[in-house]
Amino acid sequence: MKKKSYFCRLYNLILYIMKNIEFKTVARSCQMDELTQEERLLVEKAKESTKLSYSPYSHFAVGAAILLEDGSIYTGANQENAAYPSGLCAERTVMFYANAQNPSTPVKALACACFTGGHFTRKPGSPCGNCRQVLLETEQRFQQDMKILLYGENEVLIFPSAKSLLPHCFVDDDLNG
Ligand code: THU
């Protein structure tokens, strides 16, 4: 048998000593008829909101709907721009809108749906990294988890919070060192 080199043995030892830390995210996969009435209404609003999208460049329409703790619902969609980075995703468009109109009311839930090529996507679209960070800030600001519902023709994914979409996240507390 070939003898392992000193470096190879040292490397294995380091791997053995190092601790692996796991960051887990658990989402629930549902069908529309398994949702509560409140959840289904929000998803329907998100689907409807894809019609508000201004997406002449990507032809990928994203609709989002937000339910606030007082029962009010806000809707929005992605807004693109010829200078691509100047556009904004649906989640941030609607979250900034809702927070600006209602700065003291916590967000209870957010739903999203994506429409392209003449149909809703089969797989649920997932918020991009920048949107996740913004959703997280709102959650932290109100000290209350928001449920996130991602619609796809095949399944609806439900995440219990924005934080669950962004494990090991950067939050205001990190600024204190
Ligand atoms: N988009 C969203 O609105 N939300 C996301 O989370 C991902 C992407 C938009 C941005 C752009 O207008 C189009 O989808 C294609 O990326």
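The following exchange concerns the ligand site and the aromatic pairs of a predicted model.

Reader: Which residue has a side-chain N or O atom 2.8 Å from a nitrogen atom of the ligand?

Author: The residues around the ligand include Asn 78, Ala 90 and Glu 91. An oxygen atom of the ligand lies 2.9 Å from a side-chain N or O atom of Asn 78, and an oxygen atom of the ligand is likewise 2.9 Å from a polar backbone atom of Ala 90. For a nitrogen atom of the ligand, the side-chain partner at 2.8 Å belongs to Glu 91.

Reader: How much of the ligand's accessible area does the protein cover?

Author: The space that the ligand takes is the largest pocket, and the shell around the ligand consists of six nonpolar, three polar and two charged residues. Of the 370 Å² of accessible area that the ligand has on its own, the protein covers 73%.

Reader: How many residues apart in sequence are the parts that the pair of Tyr 74 and Tyr 97 ties together?

Author: The model has five aromatic pairs, and one of them, between Tyr 74 and Tyr 97, is edge-to-face, with 5.3 Å from centre to centre and 85 degrees between the planes. Because Tyr 74 belongs to strand S3 (residues 73-77) and Tyr 97 to helix H3 (residues 90-101), the pair ties together parts whose separation in sequence is 23 residues.

Key:
Residues numbered from 1 in each chain as written. Predicted model: local features only at pLDDT ≥ 70, side-chain atom pairs only at ≥ 80, totals over all residues. Heavy atoms only, no water. Near = heavy atom within 4 Å. Polar contact = N/O pair within 3.5 Å; in protein donor to acceptor, adjacent residues only side chain to side chain. Areas by Shrake-Rupley, 256 points an atom, 1.4 Å probe, with all protein chains shown as cover. 1 Å grid on protein atoms, 1.4 Å probe; cavity = no way out; pocket = protein on both sides within 12 Å on 5 of 7 lines; lining within 4 Å. Sits in = over half its atoms within 2 Å of the grid points. Nonpolar A, V, L, I, M, F, W, Y, C, P; charged D, E, K, R; others polar. Phe/Tyr/Trp six-rings, centres within 6.5 Å; stacked < 30°, edge-to-face > 60°. Helix = DSSP H or I, 4+ residues; strand = E, 2+ residues; numbered from the N terminus.
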